[in-house]
Structures are given as C-alpha cells and as structure tokens.
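Grab a pencil and work through a few exercises on the chain shown here. Try each task yourself before you read the solution.

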Amino acid sequence: LLSSTGDVAPTIFAEISGLAARTGAINLGQGFPDEDGPAEVLEAARAAILDGANQYPPGRGVPDLLHAIAEHQRRWYGLAVDPDREILVTAGATEAIAAALLALVDGPADEIVVFEPFYDSYAAIAALSGATLRTVPLRLPDFQPDPAELAAAVTDRCRVILVNDPHNPTGAVLSPEIRAEIVRLATRHDAVIVTDEVYEHLAFTAPHVPLATIEGAAERTLTISSAGKTFSVTGWKIGWIHGPADLITAVLSVKQFLTYVNGAPFQPAVAAGLRLPDAFFTGAAERLRAKHDLLAEGLTAAGLEVHRPDGGYFTVADATAIGGADAAAFCRALPERIGVAAIPLTAFVRPEHHARYRGLVRFAACKRPEVIAEAAARLAGLR
Ligand code: PMP
Ligand code: GLN
C-alpha cells in the first residue's frame, strides 16, 4: 500500500522472532542481549522515575544527557560538539535515521547512496521519503565496497551518503581508504553524510573511528548512536544524533512531529552510562568478542564457513556446504529442524541482488555464553 518497492512491509525480525517463539527455538535472529545492562544505569532510571522525571522532557533532550553526549564524543574521539545546538536526543537510532532522511531528501530526484546489505529501516524510510535509493554492494570475502563502484554511485543527485560502521548485518568495519573516499565524494558532490554508529563501542579489531573525525567531514556529517547497544537496553529506545547546528535544527523540525520527545527518566540514566569509566566500555567489547568466538566455533563445527566480524552483534556464516545454498529457505526451516533461529542475509538486500549473498546467514552473538553453547550443540545436529 505504502510503497511500490515493497520496503514498507512487516519486518524480518518480527517474522523470525515469531517463528522462534512458536517453535521454542533459541533466537539468534533478532539482535538483542539476553542480559541487562550495568546496574548503575538501571538504578539511575529507577531513581529518575521516583524523583519525578515523568513528564515531557525538553524537545532536544534532557540537558544532562546532551552534556554527557558531548563529553563522551570529546573523551573518546576528540570531537567538539555543542550540547545546546548540535545534538538531538531521539527515540533510538531508528528515529534519528528516519528524521534525518526525511529532513534531507524530498522526492525521487534526490538520491540516497547506501552500502548493501543494509539495516532494513534504511530502505523503508527512503521509500517513505520518496527519494531514490542507490546501493553499492559490499563485496565478499571482507564485505568492503569497491571504491570505483562507490564513486560511480555518488553523483550531483546524491543528497545523502548513508553509512553504518561497524556494520549490521555483516560485522565489517570500513577501511580507512573507504572512509576517506566517502568524505571526498560527499564534499565533491555536496552531499550530507549520515553515519549510523550504534555499534561504536562494540568494535573488536581496532578502536572505532567515527566518520566525523575524518578531515573535512564534520561540517557535513550527522552522527547517530544509541544507548540500546552500548548499555544493553534496547527496549529503552534512547538514541541521539549530532552534527552542524543547521542540520540538527532541520532534523528536529521533523522529529518533533514523529515522537515530539522521548523517555524522560531514561535520559539521565543514559547520561550516567556515558560517564562510566573506560573499563566498562572496553569490557563490554571484550565480552561480546568472546561470545562471537564461541559462536564461530559452533558454526564451524556444524560445517558452516564463518566470516569473522570486526564489530557489532552479528556473525555471518555461509551455509552452502551443509545444504543452505538458499539461506532464506534454510532459515525458515531451521527453528523446526534443530531449534535455532537465524536470519538470511538476503533480508537486508534488494531482491535483484539476492544472488550475491544467497548462502549467507546472520547469527546474533549477543547472548549469554551458555545460550550460545546450547545453540552450538543444536547446530551440531545439522551434520
Ligand atoms: N541501526 C543499526 C545498524 C542497528 O543494528 C539498529 C538496532 N537494530 C538500529 C539502527 C536501531 O537502533 P535503536 O534500537 O536504537 O533504534
Ligand atoms: N538491531 C536488531 C537487529 O538487527 C533489532 C532490530 C529490530 O528489531 N528492529 O536484529
């Protein structure tokens, strides 16, 4: 009804989580942790509720959180962000993405360039905005784009280059060359870079490099992140976006009519989280990396070919060798067959490009070690 492209339809997460619930399967499909975040953060939310932070907060966000985000960007990345003019708190990263795209593009003559596979909301919001989505494939084996294909996709019609780093679903982290090329192309064609960095603190192989820190980028970059991933509170839906004041004002003008404001008591709690010592953040990445290791062991033992992630919640594995050449069919059968749910990579890919990723399956590693071990034992049944 809403979209001729079929991008605005029930999400794959709802379908696979429903299947997992019906069959009692271990759900390695939708990415959400099965443990709560740090006690200090949870306690701060409870205290905020009891202290009366229960009415509409300010439109841009609670000042304490705006300041904590600015401090966080300076502390981790040396970025100078004005908390009063250059930050907006949103209903998760999802709303930040939606409000940014709806603010920046206007109809089919405007193009959004995105790497494919991509997080599913990108195409849905592009469709709602009416803009044209141009995809640049991430190429196997390491899921990096080809610089020539990227350069060819970005023209003067490009209004937004939409980036996700570390990347869902592939687990890839962009190479320094591609980061520089994105900034060069955006500058040459006067495009805005919208960068979804929700997995910023879950990078395993190198410290995260925000696109906004690349020379020349800050003046045209909107950076998005979320408390959901960093503090394992995906249900709180507190995200944020920062960038040049005029762009943030444009995003705010859309956001005010989407949700108006968000989660008053959660905002001071997220501020407390952002001020936690470094060891919390590095510890979270180390723990998740160990879970990926455990998952990779299980997948390899089951006969899948694992693509080790550089960051994020997900490990991608090729199931072709064990009869999963059609990963979509494989994933629909898997919960019933062995009691594990996972998502085919094609769920994040345009139908005309499915062939490139046909045997690939995305598994969420953000689960307790004993849950991953049990999933691995069940996967062994595939042999
Ligand atoms: N972007 C990416 C790449 C994600 O993986 C997610 C979480 N699924 C989101 C955005 C949405 O984040 P939030 O829950 O904060 O809206
Ligand atoms: N980010 C999670 C995933 O990719 C959950 C997304 C969602 O439920 N909308 O699985």
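Below are five exercises, each with a worked solution.

This is a predicted model, in which local features need pLDDT of at least 70, side-chain atom pairs count only at pLDDT 80 or more, and totals for chains, interfaces and linings use all residues. Residues are numbered from 1 along each chain as its sequence is written, while chains are lettered from A and ligands numbered from 1 in the order in which they are written.

**Exercise 1. Work out how compact the protein chain is for its length.**

Step one: take stock of the secondary structure. The protein chain has 13 helices and 14 strands (DSSP runs, H or I of at least four residues for helices and E of at least two for strands, numbered from the N terminus).

Step two: check the radius of gyration, taken over C-alpha atoms, against the globule rule, 2.2 Å times the number of residues to the power 0.38. The chain comes out at 20 Å, close to the 21 Å that the rule gives for 383 residues, so it is as compact as a globular protein of that length.

Step three: add the burial. Of the 383 residues, 51% count as buried (20 or more other C-beta atoms within 10 Å of a residue's own, with C-beta atoms placed from the backbone).

**Exercise 2. Split the chain into domains and describe where they touch.**

Start with the bounds, which come from an automatic or database domain assignment: domain 1 is 12–30 + 279–382, and domain 2 is 39–276. Their C-alpha centres lie 25 Å apart.

Next, the contact takes 25 residues from domain 1 and 23 residues from domain 2 (two residues are in contact if their C-beta atoms, placed from the backbone, lie within 7 Å). On the domain 1 side, helix H11 (278–301) and strand S11 (314–318) each supply at least two residues, and H11 gives the most, with six.

Finally, sort that side by character: 15 nonpolar, five polar and five charged. Here Ala, Val, Leu, Ile, Met, Phe, Trp, Tyr, Cys and Pro count as nonpolar, Asp, Glu, Lys and Arg as charged, and the others, Gly among them, as polar.

**Exercise 3. Describe the shell around ligand 1.**

First, find who comes nearest: of the 14 residues around ligand 1, these are Gly92, Ala93, Thr94, Asn168 and Ser226 (a residue is near if its C-beta atom, placed from the backbone, lies within 6 Å of the molecule).

Then look for the top contributor. Helix H4 (residues 92–104) gives the most to this shell, with three residues. Sorted by character, the shell has three nonpolar, nine polar and two charged residues.

**Exercise 4. Track down the cis peptide bonds in the loop between S6 and H7.**

Keep the usual case in mind: most peptide bonds are trans. The bond from aspartate 165 to proline 166 is cis, with omega near -10°, and proline 166 lies between strand S6 (158–164) and helix H7 (176–188). Now go along to the bond from asparagine 168 to proline 169, also cis, with omega near 15°. Proline 169 is in the loop between S6 and H7 too.

**Exercise 5. Are phenylalanine 143 and serine 232, with their positive phi, buried or exposed?**

Take phenylalanine 143 to begin with: its phi is near 60°, and it lies in the loop between strand S4 (132–139) and strand S5 (144–145). It has 24 other C-beta atoms within 10 Å, so it is buried.

Serine 232 has a phi of about 55° and lies in the loop between helix H8 (227–230) and strand S9 (238–242). Serine 232 counts as buried as well, because it has 22 C-beta neighbours inside 10 Å.

Terms used:
Buried ≥ 20, exposed ≤ 12 C-beta atoms within 10 Å, placed from the backbone.
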